[in-house]
Amino acid sequence: MSFGLLFFVFVLAIFLGVELISKVPSQLHTPLMSGTNAISGITIVGALTAAGSGADLLGSILGTVAVIFATVNVVGGYLVTNRMLAMFKRKSGEQK
Amino acid sequence: MTDYTQALIDLGYIAASILFIIGIKMLGKQERARKGNLISALGMLIAVTAAMFECCLDFTWVITGLVIGSLIGLIAARTVKMTSMPQMVALLNGFGGIASLLVGWANYHSQPDSNLLVRVAVLLAVLIGGVAFSGSLVAYGKLAGKISGRPILVKRQALINILMLAAVLIGSLFLVFTPGGTIAYGVFLLIVVLSLSLGVFSVTPIGGADMPVVIALLNSYSGLAASAAGFILLNNVLIVAGSLVGASGLILTGIMCKAMNRSLGNVLFSGFAAGPGKAVSTSVQGEPKPITAEDAYYVLEAAGSVVIVPGYGMAVAQAQHAVRELGEILENNGAEVRYAIHPVAGRMPGHMNVLLAEANVLYEQLAEMDDVNPIMESVDVCMVIGANDVVNPAAREIESSPIYGMPIINVDKAKTVLVLKRSMAAGFAGVDNPLFVKENTRMLFGDAKATVQQLVAQFKES
């Protein structure tokens with residue numbers, strides 16, 4: 001894929017992000033932050049590629065450490081966000 | 001790999017991107033937020049699965065990494081206390097940053113002389129990811145109380161930072177033109193080290209109360225680092241997801257700055273009220289009027305509407321459960337109870353909301369500053385629990401005050417203000433608070449939790 005096209009996607013996604021986030025009530029700022037933080041663990045896709053590319057030892061180790069960190073970010077991030085959101089309850093009381 | 005497989009993989013990445021977008025959108029509404037988080041997690045699962053089809057010649061390393069990471073993530077998320085959430089979020093954020101740095105490093109290690117734009121992306125992933133990682137670690141240390149929450153200033157801090165950044169830029173230029181060879185690898189490693197130091201040096205001078213801004217900004221960085229990793233791999237899903245996070249982090253940062261009436265530059269570079277010389281004394285006239293828990297009980301007992309304003313002090317004293325109990329008693333006593341939360345109260349965006357939700361305060365009772373201020377004059381009692389700067393009327397009245405212009409919760413407009421406070425020490429900003437000596441203010445000195453428990457006991461006795 002050409003660099004120009006990737007950059008185009010990048011800029012559009014930034015604008016989309018701005019539109020999506022601008023109206024979040026402050027009560028939800030923490031879960032929003034930890035939820036998006038889990039999404040930034042998408043770098044795991046890059047980490048998998050690096051770890052599995054069959055490079056030399058150092059390359060594989062770098063990749064594997066990257067996979068570990070990114071996985072902690074992803075798994076921990078989603079679970080923590082879920083725990084927090086489960087605490088927000090309303091009067092009309094759907095107690096899950 | 002056949003064309004069909006590749007097409008399926010690409011479809012998987014597109015599906016993942018769409019699920020992230022939907023997920024983030026749903027995170028903005030309380031009723032749908034939990035589902036939104038699950039949808040975004042599903043997107044991640046699809047992206048990882050798709051990546052497994054194209055990533056690997058050798059799965060040993062990959063599986064090892066995934067298993068270890070999942071176990072650590074699972075255990076950490078299960079065992080972390082809600083009160084430790086700010087530092088947990090900071091830590092996880094840092095992990096995303098270091099992962100992007102390592103992806104950049106691994107790429108440079110295996111193909112130092114890849115094409116120019118990829119090399120630039122590698123350097124960006126290393127720089128942004130490194131700053132996000134070490135900055136988040138310092139933030140973690142400050143939030144967990146492992147290092148002092150006070151701003152730590154080194155002499156000529158700004159100069160050192162600029163020099164380090166300049167060194168990174170020069171090193172990067174060198175690598176762009178001379179990517180291969182032992183010297184180049186040395187320069188690359190130097191850039192890794194400098195990026196990590198830059199993160200440390202940029203966060204240490206920032207004080208505890210400015211942490212909401214820093215955490216939001218670091219959140220944005222880890223997203224942008226993932227985006228940079230996307231440019232290395234020429235992979236759209238990383239670019240889309242990373243820039244969504246980057247944008248959302250920047251917006252949160254902006255909201256936090258606005259709530260403190262300060263520019264981002266001011267937060268990052270000023271070391272606000274770090275030295276004793278900077279704390280401007282506005283010489284507030286008057287004496288604070290302390291009262292006993294028993295007298296406070298009579299005030300609360302007669303109140304028809306109560307607004308509770310929590311701050312970081314409530315988190316420190318772990319008083320949220322006691323506060324919720326008092327709130328319930330007041331409601332049963334016929335009072336209307338609301339919790340007014342300033343956007344920068346606490347140490348991360350939304351910190352107080354999470355604590356109160358954990359203590360089972362209903363979502364409807366958590367009010368934003370702008371909803372409460374217009375009705376403040378009709379409120380009988382405003383209880384300030386461990387908050388200081390965010391309720392300081394100097395922000396409205398005293399032009400020479402360092403916090404002048406910051407939007408505050410106008411608690412002083414309520415008929416009576418009860419301030420729960422450990423001592424008369426100044427707040428984080430080191431600014432005198434004229435609220436404490438106002439005609440309608442009563443001070444309840446002591447540990448917030450103990451004081452609230454005394455009030456609860458008073459109600460139960462009667």
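# Helix Crossings and Enclosed Spaces

Tutor: In this predicted model, helix 5 and helix 6 of chain B pack with their axes 10 Å apart, at an angle of about 155 degrees.

Student: Why is helix 5 of chain B called roughly antiparallel to helix 6 of chain B?

Tutor: The angle is about 155 degrees, and an angle over 145 degrees counts as roughly antiparallel. Helix 5 of chain B is therefore roughly antiparallel to helix 6 of chain B. The crossing of these two helices is right-handed.

Student: Which residues of helix 5 and helix 6 of chain B meet?

Tutor: From helix 5 of chain B come B:Leu116, B:Arg119, B:Val120, B:Leu123 and B:Leu127, and they meet B:Val168, B:Ser172, B:Leu175, B:Val176 and B:Phe177 of helix 6 of chain B. By class, this contact of helix 5 with helix 6 of chain B has eight nonpolar residues, one polar and one charged.

Student: What makes B:Arg119 the charged residue and B:Ser172 the polar one in this contact?

Tutor: Arg belongs to the charged class, whereas Ser falls among the polar residues because it is in neither the nonpolar nor the charged list. The contact has one polar and one charged residue, and B:Ser172 and B:Arg119 are among the residues that meet.

Student: Which elements give two or more residues to the lining of the largest cavity?

Tutor: The largest cavity has a volume of about 50 Å³. Its lining consists of B:Tyr108, B:Pro112, B:Arg119, B:Val122, B:Leu123, B:Leu175, B:Val176 and B:Pro179. Helix 5 (116-143) and helix 6 (157-177) of chain B are the elements that give two or more residues to this lining. The largest share, three residues, comes from helix 5 of chain B. By class, the lining of the largest cavity has seven nonpolar residues, no polar and one charged.

Student: Why is helix 1 of chain A called oblique to helix 9 of chain B?

Tutor: Helix 1 (residues 3-21) of chain A and helix 9 (residues 236-260) of chain B pack at about 40 degrees, their axes 7 Å apart. Angles under 35 degrees count as roughly parallel, and 65 to 115 degrees as roughly perpendicular. An angle of about 40 degrees belongs to neither range, so helix 1 of chain A is oblique to helix 9 of chain B. Their crossing is right-handed.

Student: How many residues of each class does the contact of helix 1 of chain A with helix 9 of chain B have?

Tutor: Among the residues that meet are A:Phe10, A:Ile14 and A:Gly17 of helix 1 of chain A, and B:Asn236, B:Ser243 and B:Ser248 of helix 9 of chain B. The contact has 14 nonpolar, four polar and no charged residues. A:Gly17 counts as polar because Gly is placed in that class.

Student: What makes helix 1 of chain A and helix 8 of chain B roughly antiparallel?

Tutor: Their axes cross at roughly 160 degrees and come within 11 Å. Since roughly 160 degrees is over 145, helix 1 of chain A is roughly antiparallel to helix 8 of chain B. The residues that meet are A:Phe3, A:Leu6, A:Phe7, A:Phe10 and A:Ile14 on helix 1 of chain A, with B:Leu224, B:Ser227 and B:Phe231 on helix 8 of chain B. By class, this contact has seven nonpolar residues, one polar and no charged.

Student: How do you know the classes of the residues that line the second largest cavity?

Tutor: A:Ser26, A:His29, B:Ile341, B:His342, B:Pro343, B:Ala345, B:Gly350, B:His351 and B:Asn353 line this cavity. Ile, Pro and Ala count as nonpolar, and Gly is among the polar residues. The lining has three nonpolar, six polar and no charged residues. The second largest cavity has a volume of about 30 Å³.

Student: Which residues lie nearest the centre of the second largest pocket?

Tutor: They are B:Tyr13, B:Glu54, B:Leu233, B:Leu234 and B:Asn235, from a lining of 30 residues. Helix 3 (44-52) of chain A gives two or more residues to this lining, as do helix 1 (3-27), helix 4 (85-110), helix 8 (211-233) and helix 9 of chain B. Helix 1 of chain B provides the largest share, six residues. About 730 Å³ of space lies in this pocket.

Conventions:
Residues numbered from 1 in each chain as written. Chains lettered and ligands numbered in written order. Predicted model: local features only at pLDDT ≥ 70, side-chain atom pairs only at ≥ 80, totals over all residues. Heavy atoms only, no water. Axes fitted to C-alpha atoms, helices over the stretch in contact; angles between N-to-C directions. Helix = DSSP H or I, 4+ residues; strand = E, 2+ residues; numbered from the N terminus. Left-handed = near helix turned anticlockwise from the far one by under 90°. Contact = heavy atoms within 4.5 Å. 1 Å grid on protein atoms, 1.4 Å probe; cavity = no way out; pocket = protein on both sides within 12 Å on 5 of 7 lines; lining within 4 Å. Points joined across faces, edges and corners; volume = space filled by probe spheres on them.
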